[in-house]
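I opened my notebook for this structure today. My notes follow in the order in which I looked things up.

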Amino acid sequence: MKERTLWSSNTAFVLAAIGSAIGLGNLWRFPYICAKNGGGAFLVAYFVALLSVGIPILILEIGSGHHHGKGVPEVMKSIKERYEWIGWAIVLISFVITCYYSVVMSWSINYFLDSFSLSWGTDTKGYYFNKVLGITSGPMDIGGIQPMIFIGLIISWIAIIACIWKGPETVSKVVYATVILPWIILIIFIFRGVTLPGAMEGLKFYLTPDWAILLTPNVWLEAYTQIFFSLSIGFGIMFAYGSFLSKKTNINKYVVIIGLADALTAFFSGFAVFSAIGYLSHVQGVPISDLKLSGPGLVFTIYPTIINKLPVLPELFGVLFFLMLFALAIDSTFSMIEAVTSAVEDKFGWSKQKANLVIGGMACAIGTIFTTGSGLYWLDITDYFVTNFGIGLAVLVECIIIGWIFKASRIRSYINQNSSFNIGTWWDAFIKFLAPILLCWFVLNGIIDRIESSYQNYGRLPEFLGGWLVLILIITTGFFLSRKQKVKHPAMPHRYKNRQLPSSIIMEHNPAPEKRRI
């Protein structure tokens with residue numbers, strides 16, 4: 001196997017992992033979910049979910065990638081050869097998501113350009129759905145390709161491939177801008193937002209606690225769901241990123257930093273979003289509860305309306321907002337492509353550049369369907385099924401295979417070797433029992449919903465084509481790729497061959513006295 005290129009520094013790794021985790025969901029989903037589920041009370045459930053499942057699974061994925069020095073298909077194959085297809089299915093989930101995530105990047109590019117003249121006008125909803133999307137009557141009414149979205153899609157993929165052209169070597173440089181810049185812009189929006197009339201009413205709507213809601217199962221389901229899909233777990237990304245780490249890495253410390261950075265970014269984004277929404281409610285005399293506060297409607301209709309009404313420099317704030325949106329999206333997208341290209345390199349021995357061009361070109365071509373007049377419908381359907389069923393099942397299988405078959409205690413002992421603090425046996429219980437139980441609950445709940453009715457009442461045929469069929473193709477393609485003959489490389493020493501591995505790799509580790517156990 002080819003020797004892997006490593007991160008230029010641990011800081012670059014941490015920023016890349018944070019950039020992958022912090023995505024559009026932090027901006028357009030978390031604040032809405034928080035407000036809908038008890039405000040400040042939801043934060044309790046959210047941070048319990050982060051500590052009990054989010055951080056433990058991050059440790060599992062990054063530690064496994066680091067231990068094996070490979071992407072997720074090769075990690076699964078190393079455990080048992082017949083599990084390789086599962087690893088391929090996981091990275092194919094990332095591939096599918098990049099096909100439509102890059103289209104959201106295209107929307108951001110178009111709105112970035114529109115911001116200089118506020119060309120969306122006063123009818124922001126009509127502009128988004130009719131002028132930008134050319135929305136049709138439904139999923140089966142395909143409509144034509146929207147030229148500006150298609151051009152934006154091409155530009156997006158050029159930018160994505162440029163960011164990962166030499167793998168970690170290029171990403172290590174890019175993330176300093178693509179992660180830090182959104183934070184700076186977010187801080188600007190927070191300070192600007194809280195000074196607007198009506199901002200406090202928006203923040204009150206966001207954070208007012210309803211403690212009784214913590215007694216309802218649904219709020220916990222929402223909290224764990226947000227954690228699963230906010231931290232880039234189940235995509236194969238963190239396996240790949242972990243495999244690019246140097247031999248001695250303080251994995252436990254960095255995982256805590258990544259998890260908390262993602263959670264705090266989501267939390268503080270709510271201040272920027274709801275202070276602005278409070279202002280919009282104030283100037284329009286419309287109750288906050290009557291505004292659509294989640295998804296593309298928030299970003300591409302509500303926020304342009306807010307920008308229109310800003311008393312000072314609305315064009316500048318529009319440019320900054322959609323620049324932030326693009327930066328958030330590109331980090332998540334190139335991290336998912338990196339997971340796919342790393343797996344292809346491991347399996348077929350392709351160069352980084354060839355893998356980037358081929359995989360990126362395929363994703364761009366498939367993504368064209370989302371640039372049509374029906375693209376928003378197909379994006380919505382595919383995103384729902386891939387994230388709710390695909391990722392949920394992926395994480396469930398990871399916990400079973402690595403937790404039970406490879407043994408959670410084995411990977412825990414390996415990770416603890418070079419960490420400044422040790423994770424204890426509680427981690428094994430969370431990986432082997434708590435996370436699988438919650439994931440089964442989550443997936444079964446989704447299946448029951450889909451038995452009762454089609455998603456968003458789009459109809460059973462669009463649901464099958466954009467949802468169930470996509471999942472079937474992911475699984476069958478995973479089987480196909482796992483059966484392909486692996487390219488033989490000249491014999492090279494394993495990346496850990498010269499390390500003096502203690503017996504803790506194969507038996508329970510007894511932590512050194514100077515380490516803290518948590």
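Which residues have the most contacts inside the largest nonpolar core? I looked up Phe13, Trp107, Tyr241 and Phe334, and these are the ones. The core itself has 179 residues. Helix α6 (residues 84–115) supplies the largest share of this core, with 19 residues. I keep in mind that the model is predicted.

**Entry: Tyr241.** I listed the contacts of Tyr241, leaving aside neighbours within four places in sequence. Phe13 and Phe334 are among them. So are Trp7, Ala16, Ala17, Ser20 and Val171. Ser335 and Glu338 complete the list.

**Entry: aromatic pairs.** I counted ring pairs next. The count comes to 46 aromatic pairs. I picked out Tyr128 and Phe300, whose rings are stacked. Their centres are 5.4 Å apart, with 5 degrees between the planes. What does this pair tie together? Tyr128 lies in helix α7 (residues 124–132) and Phe300 in helix α14 (residues 296–309), so the pair joins parts that are 172 residues apart in sequence. Are the two partners buried or exposed? Tyr128 has a relative accessible area of 1%, so I note Tyr128 as buried. Phe300 is at 0% relative accessibility and therefore counts as buried.

I then followed the ring pairs outward. They link a cluster that includes Tyr128, Phe300, Trp107, Tyr111 and Trp120. Tyr127, Phe129, Phe189 and Tyr303 belong to this cluster too, as do Phe317, Phe321 and Phe322.

I also checked for a charge over a ring. Lys432 lies over the face of Trp404, at 4.4 Å from the ring centre.

**Entry: helix α11.** Helix α11 covers residues 217–230, which makes 14 residues. I get 20 Å from its first C-alpha to its last, close to the 20 Å expected at 1.5 Å a residue. Ten of the 14 residues are buried, and α11 is mostly covered. The buried ones include Val219, Leu221, Glu222, Tyr224, Ile227 and Phe228. What covers them? I found α1 (10–21), α2 (24–28), α3 (30–36) and α4 (40–68) among the covering elements. These also include α13 (251–284) and α19 (426–452). Just after α11, Ser232 takes a positive phi of about 60 degrees.

**Entry: helix α13.** I turned to α13 as one of the elements that cover α11. Its 34 residues should span 50 Å at 1.5 Å a residue, and the end C-alpha atoms are 49 Å apart, which agrees. Of these 34 residues, 25 are buried, so α13 is largely enclosed by the rest of the structure. Gly285, just after α13, has a positive phi of about 70 degrees.

I singled out Val256, which lies in helix α13. Val256 is at 26% relative accessibility, so I list Val256 as partly exposed. Not counting residues up to four places away in sequence, Val256 touches Ile55 and Phe421. I also checked Gly54, which is 202 residues from Val256 along the chain. The C-alpha atoms of Val256 and Gly54 are separated by 9.8 Å.

**Entry: Asp346.** My last lookup was Asp346, in helix α15 (residues 314–348). Asp346 counts as buried because its relative accessibility is 4%, where buried means under 20%. What lies 3.0 Å from a polar atom of the Asp346 side chain? I found the backbone nitrogen of Gly71 there.

Methods. Residues are numbered from 1 along each chain as its sequence is written. This is a predicted model: local features need pLDDT of at least 70, side-chain atom pairs count only at pLDDT 80 or more; totals for chains, interfaces and linings use all residues. Side-chain values use heavy atoms; hydrogens and water are left out. Helices (H or I, at least four residues) and strands (E, at least two) are DSSP runs, numbered from the N terminus. The expected span of a helix is 1.5 Å times one less than its number of residues. Buried means under 20% relative accessible area, exposed over 50%, partly exposed in between (1.4 Å probe, protein chains only). Contact means heavy atoms within 4.5 Å. A nonpolar core is a set of buried Ala, Val, Leu, Ile, Met, Phe, Trp, Tyr and Cys residues joined through side-chain atoms within 4.5 Å. A polar contact is a pair of N or O atoms within 3.5 Å; within protein, one must be able to donate a hydrogen and the other to accept it, and residues adjacent in sequence count only if both atoms are side-chain atoms. Rings of Phe, Tyr and Trp (its six-membered ring) pair if their centres lie within 6.5 Å; planes under 30 degrees apart count as stacked, over 60 as edge-to-face and the rest as tilted. A charge sits over a ring if NZ of Lys or CZ of Arg is within 6 Å of the ring centre and within 35 degrees of the ring normal.
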